[in-house]
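Let's take a walk through a protein model together. Keep the picture in view and turn it around as you read.

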Amino acid sequence: MDVDLTFEQLVRDHQAMVFRTLLRLTGSREHLDDLAQDVFLRLYRALPSFRGEALITTYLYRIAVNVAQDEWKRRRRDDRSHVSLSDDTSAWEERLAHPDRNAEQKIEEREFQQAVDEQLQRLSQIERTILILYHQEERSYEQISYTLGMPIGTVRTHLHRGRKKLREAIKQNQTSERRTACQTN
């Protein structure tokens with residue numbers, strides 16, 4: 001009974017992080033509930049062997065990354081396209097604008113975010129995972145290294161390469177959009 005109460009508390013404490021991480025890693029709300037359930041099911045099964053050498057959040061990130069990788073493999077088999085994180089199906093509360101931005105700024109920000117989301121989904125799985133864990137989940141090199149089971153130097157290399165690819169792709173996308181806009185004017 002005590003284990004169940006502890007597990008329930010773990011779920012309550014970490015469900016937002018699990019959902020957010022899975023959404024960022026998979027880029028889709030499709031099957032998000034099922035994926036999160038899979039994360040917590042794997043955690044529940046693994047808790048008896050959890051030695052406490054790492055933080056429970058690090059352990060959860062590792063499980064979430066594994067579940068996301070399984071989803072990527074499933075998608076590859078199903079050959080489905082990715083959905084942007086800035087999808088219109090998100091809750092209206094998340095899209096409330098800051099009062100000092102005008103409509104043009106909001107449109108530009110949204111378009112830029114969509115471009116980032118699209119380019120992020122085009123990176124390799126490992127680069128995308130490390131970028132999300134580092135920049136969006138604010139994990140340290142050490143935490144990412146432990147979570148993914150790779151040396152810190154490798155994490156830094158993938159982070160550097162992922163940033164460079166993302167920056168170049170966004171720059172190329174913006175240049176292409178400017179050319180198109182100039183041609184239509």
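Start with helix α2, which runs over residues 32-46 of this predicted model. What should its 15 residues span at 1.5 Å a residue? The expected figure is 21 Å, and the end C-alpha atoms are 21 Å apart, so the expectation and the model agree.

Now look at which parts of α2 are covered up. Its buried residues are L32, L35, A36, V39, F40, L43 and A46. These residues take up an arc of only 135° around the axis, which means they sit on the same side of α2. Turn to the other side of α2 and you'll meet D33, Q37 and R45, which are exposed.

Helix α6 invites a similar look. Here the buried residues are I144, S145, T147 and L148. Their arc around the axis is only 165°, so they too lie on the same side of α6. Just after α6 comes G149, and its phi is positive, near 65°.

Next up: charges. Side chains of opposite charge can pair when their charged atoms come close. How many salt bridges does a search of the whole structure find? The count is seven. Let's visit a few of them.

Find E137 and R20, whose side chains meet in a salt bridge with 2.9 Å from N to O. E137 is in the loop between α5 (125-136) and α6 (141-148), while R20 belongs to helix α1 (residues 2-26), so this pair ties together parts that are 117 residues apart in sequence. Is E137 buried or exposed? Buried, because its relative accessibility is 4% and the cut-off for buried is under 20%. R20, on the other hand, has 34% relative accessibility, so R20 counts as partly exposed.

E137 has another partner too: R24 forms a salt bridge with E137, and their closest N and O atoms are 2.8 Å apart. R24 lies in helix α1 and E137 in the loop between α5 and α6, so this pair ties together parts 113 residues apart in sequence.

For another example, go to E127 and K165, where the side chains meet in a salt bridge at 3.0 Å, N to O. This one links distant parts of the chain as well, with E127 in helix α5 and K165 in helix α7 (residues 152-184), 38 residues apart. E127 is buried, with a relative accessible area of 4%. Its partner K165 counts as partly exposed, because its relative accessibility is 43%. And here's how the earlier bridges fit together: by sharing partners, salt bridges join R20, R24 and E137 into one network.

Finally, zoom out to the full chain. Which elements does it contain? There are seven helices and zero strands, so reading along the sequence gives the pattern α-α-α-α-α-α-α. Of the 185 residues in the protein chain, 36% count as buried. What about the contacts? Take those with a separation of 6 or more: residues 24 or more positions apart account for 70% of them. As for the outside, the protein chain exposes about 11,800 Å², and carbon and sulfur atoms supply 50% of that area.

Key
Residues numbered from 1 in each chain as written. Predicted model: local features only at pLDDT ≥ 70, side-chain atom pairs only at ≥ 80, totals over all residues. Heavy atoms only, no water. Helix = DSSP H or I, 4+ residues; strand = E, 2+ residues; numbered from the N terminus. Expected span 1.5 Å × (residues − 1). Buried < 20%, exposed > 50% of the residue type's maximum accessible area, 1.4 Å probe, protein only. Arc of directions from axis to C-beta. Salt bridge = Lys/Arg side-chain N within 4 Å of Asp/Glu carboxyl O. Contact = heavy atoms within 4.5 Å. Areas by Shrake-Rupley, 256 points an atom, 1.4 Å probe, with all protein chains shown as cover.
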